[in-house]
Every structure is written in structure tokens, then in C-alpha cells.
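Q: Please take a close look at one short connecting segment of this model. Describe its backbone and its surroundings, and then place it in the wider organisation of the chain.

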Amino acid sequence: MSERDNGPLWGGRFGTTPAEAFERLNASIPFDARLAPYDIRGSIAHARMLGERGIVSGEEAAELERGLRAVLEEVEGGRFSWTLSDEDVHTAVERRLREIVGDVALKLHTGRSRNDQVALDLHLFVRDAAERMGEALLAVMRAIVEVAEANRDLVLPGYTHLQRAQPILLSHHLLAHFRAFERDLTRLRMAREAASASPLGAAALGGTPHPVEPALTAKTLGMEPLLNSLDAVSERDFALDLLYAAAVLGIHLSRLGEEWVLWTSAEFGFARLSDAYSSGSSIMPQKKNPDAYELMRGKAGRLVGNLTALLVTLKGLPLGYQKDLQEDKEPIFDSVDAVLAVLAVLPEMLRTATFDGERMANAAGGFALATELADFLAARGVPFREAHRAVGRLVRRCEEAGLPFEEVPEDELVAAHPALADLPRELLTPKGSVANKSSPGSTSPDSVDAQLARARGLLRELEEASAG
């Protein structure tokens, strides 16, 4: 091979090699090298199609596949190397392929452009990433169900405005996060589906005169073929879908993380983390910090930022490939890595934590039971606004007199409203309040049992579908 042959794929048009500073700016190989397995899989499918369509001979197609599999072994074994002059992963793979099989490697690019090639690589990466993220999220959802079942009867206060609002079961609270993650799982599955479209056959943007068969390569890869060649090389909707799914998942993880930061503080004292998932202070010996949950909060900003970055990159682009699209990869890689890092530790963090049931129950009492009295009056025909005012006056009276709400005397109840004379005292306990709920999806024990049964059934379905 001549020095010219070792230059850029597009070097024939140019009389000089790229300036070093431009080469550094233009090169994507420092980050897109991680696409190498996907690039090789796409190239194997393309080589087979070339052979089956008679664009190259059967022997040449077989030699191309042999060489590509050899390169894939090097990639998977950590022996694949590249230099900045390779410019991108596609060039690096083709260069190495030529070193293995010789000049037949030069035929691999027939009927294909880097435009449809890079789009395919990213489709394959996003499809795989969405699946891996979904599997990791399923592990978190399993842990939530296990912890909810193990602590089914513990009561804690539910909050609005970060003020104690009403007693709820801890299991009900945990299952609220399960529902959010269930929606995240749906978004990840939709992102995977969106990525399951092959752009191969689009070439640069308008197709190719070679008798390629996009449906053939798509089938080999388990994908659907392109419908419009210009759209195929231009769109990155599937990438946005993944970044959006990651950003919303990040928000949900951040909200869960914030709660655990509060719960494990001395002020709340509801839960305690295992030492294996905590860290200390360099100066304060007593500290036990919930760093993992804080990082969970912090990474949400990166996930939202990565989505915003790609949205802004795409917003002004005309159809066709633009070099701006080189900026689509790093936000995706970063978001996938961040989400997987968090999901890898969360299941065991949840399973190994312990709860202080007595402290939670004490916090769930007091004025958090006030709504129970208003509902009791409303159930006996008292207009709710009247009931609300009556109980509000009772709360104020207890505050002024220093009366514990659970121990308010009978005469004080009757003074607030005569119908409270019939109030069962059990309603003035956190467990009694929880048991009094009857609406579907509520925090009542029966409702929570139904929610747990549904969650277990869903997990079984998802696991069976994944195994199948």
C-alpha cells in the first residue's frame, strides 16, 4: 500500500494531508472506537448482502466476513488498536481488515457510505444500550418489590410541601417508585424499537446504483429496512428517544435519592444504609454519608444536559449528513454509562438498608391524622368544607394547649364538632388511618397487597419475555 492509500478515505480529492490541528478536531476515533463491535456486525451483514446480490463474488464475501470476524476477535480481546490518522472507527476497522485480507477489503465499501454506516452503528448501539438499561432497571424493580414485601406493615408519613401530610405504608411508598420505573421501562423499550431500523442502502443520502437489498441486511441484523434514504441518514430521533428515556429515568432516580438522603439523616432517622454503600469524612469521624444517593441526584443534571445538547445540535440542521452529527455520540455514551453505573449499585443499596419502624410510626402520627377526622365527618353527611374548618380549629386548639392529637379528650372532640363523639379512637393511630382507606390504589393493606401481586406478576412476565 502506498502512503496515499493509507490516507483518509476521501484523500483522492486532496493534494495535501490534513493539518494536524484540523485532524485532531475532525477525528471522532477517540470516542467512537467503542462502536467497533457494532460497525463490524453491520459490515458483516453488508458483506453477505454484497455476495448474495452478486456485487462481489461469493469467495470475496466469505473472505471479507472471515477478516471482519478476525478484527472482531481483536476488539473483544482488547487487542484492537487505532491512531488519530484513522479519523473514525469505520476507517480503523477497514484499515485493519485490509491488513488481514488484503485489497479485497477495498470492495467492502461498495454501495455504502460512511453516512449510512455511522447511522447504522449508532442504531445498533442504542438498541443494545436500551436493552442493557432495561435489564438493569428490572433488577432495581425486583429489589423494590422485595424490600416492600419484607417491610409491608411499616408506616411512615407521606409528605406534601415536605410537611407531614398523612400516614402511608412504606410498601405503598416504595411501590410508587416501582410504578415510575415501570413507565421508564416502557420508554426504554420504545427507544429500542425506534433504533431497530436499518439505514443501510441509503448510501450518502440518495441511494446507490448498485443492486443492493436493504431488506436483506436489515433482516440479518434483526431490523426493519429503510423507507426513505434521505431520512435514513438524517434522523437521530431514536437517539433522542434514548436520551429522553435516560433523562426521565434520571429524574426518577434523583427523587428517590433525595428521599433516602433525608431518610438517613439524623433529623429523619427513618433508615440506615449498609456500610458497604456509605462513605465517611476526611475530618469528621462520626460521619456516614449517603454519597451514592447524592451522586444519583447529581447525575440527573448530566442526563438532562445530554438530551438538551443533542436537541440543540439537531434543531437547525438541514436534511442530509452534517459533521455536526459527530456530536451525537458522546452525549449518548455518557448517559448510558451514567445510568448503568447508578443502576448497578441501587438494588443492593435498597436490600441492605434497614428501617426504624418505631421512629417512622411516631412521625406518622400527630397532626398527620387530621384529615382522617375531616373524612369521618364528611362520611356522616357534614359538608367537607365545614368538616375541614372544624378539624382545623381542633388542630389549633391542640397546638395552643400542647395536647397530643392522638390523646385529645372526648370533650375537645365534641367541642370541635358534635359528630366526633362517635369517632373510633383507632382512627387516631397511624395504622388505623392506613387501614381506613378503601379506594383502589390507596395505601390500605388490601390495596398494597393487590399492588404487590400485580408487581410480582409483571416482573414474571417481563423476565419470561426476556428469557424467550
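A: In this predicted model, His161 sits in the loop that joins strand E1 (155–160) to strand E2. Leu162 belongs to the loop between E1 and E2 as well. The phi angle of His161 is near 60°, a positive value in a residue other than glycine, and the phi of Leu162 is likewise near 60°. Most residues other than glycine have a negative phi. Accessibility completes the description of this turn of the chain. His161 counts as exposed because its relative accessible area is 75%, where the cut-off for exposed is over 50%. Leu162, at 52%, is also exposed. A tendency exists in soluble globular proteins for nonpolar side chains to be buried together.

Beyond the loop, the chain continues into strand E2 (residues 163–169), where Gln166 is found. With a relative accessible area of 28%, Gln166 is partly exposed. Once neighbours within four places in sequence are set aside, its contacts include Leu156, Pro157 and Gly158, and these three positions fall within the span of E1, 155–160. Gln166 is also in contact with Ala368, Thr371 and Lys437. A further link across the sequence is given by Pro430: its C-alpha atom is separated from that of Gln166 by 8.4 Å, although the two residues are 264 residues apart along the chain.

The domain assignment places these partners in context. Domain 2 comprises 115–200 + 227–362, while domain 3 runs over 365–467. Gln166 therefore has a number that falls in domain 2, whereas Ala368, Thr371 and Lys437 have numbers that fall in domain 3. An unreviewed UniProt entry annotates residues 367–435 as "domain: Argininosuccinate lyase C-terminal". Over that stretch the chain is 59% helix and 0% strand, with its end C-alpha atoms 17 Å apart.

Domain 2 also meets domain 1 (20–110). Their C-alpha centres lie 34 Å apart, and the contact takes 18 residues from domain 1 and 16 residues from domain 2. About 1500 Å² is buried between domain 1 and domain 2, with carbon and sulfur atoms giving 57% of it. On the side of domain 1, Phe31, Arg34 and Tyr38 supply 44% of the area buried against domain 2, more than any other three residues.

The interior offers a contrast to the exposed loop. The largest nonpolar core holds 106 residues, among which Leu242, Trp260 and Tyr293 touch the most other members. Helix H6 (residues 114–150) provides the largest share of this core, 18 residues. Leaving out residues up to four places away in sequence, Leu242 touches Val126, Ala129, Ala130, Met133, Leu188, Ala191, Ile332 and Val336. A second, separate core of 22 residues includes Ala370, Val391, Val395 and Leu427.

A polar residue is also enclosed. Arg236, in the loop between helix H9 (229–234) and helix H10 (237–263), is buried because its relative accessible area is 1%, well inside the cut-off of under 20%. Its side chain reaches the backbone oxygen of Val233 at 3.5 Å. Apart from neighbours within four places in sequence, Arg236 is in contact with Val118, Ala119, Leu122, Leu314, Tyr321, Leu325 and Asp328.

Key:
Residues are numbered from 1 along each chain as its sequence is written. This is a predicted model: local features need pLDDT of at least 70, side-chain atom pairs count only at pLDDT 80 or more; totals for chains, interfaces and linings use all residues. Side-chain values use heavy atoms; hydrogens and water are left out. Helices (H or I, at least four residues) and strands (E, at least two) are DSSP runs, numbered from the N terminus. Buried means under 20% relative accessible area, exposed over 50%, partly exposed in between (1.4 Å probe, protein chains only). A polar contact is a pair of N or O atoms within 3.5 Å; within protein, one must be able to donate a hydrogen and the other to accept it, and residues adjacent in sequence count only if both atoms are side-chain atoms. Contact means heavy atoms within 4.5 Å. A nonpolar core is a set of buried Ala, Val, Leu, Ile, Met, Phe, Trp, Tyr and Cys residues joined through side-chain atoms within 4.5 Å. UniProt positions are given in the numbering used here, feature names are shortened, and annotations may be inferred rather than shown by experiment. Buried area is the accessible area (1.4 Å probe) that two parts lose on being put together, summed over both.
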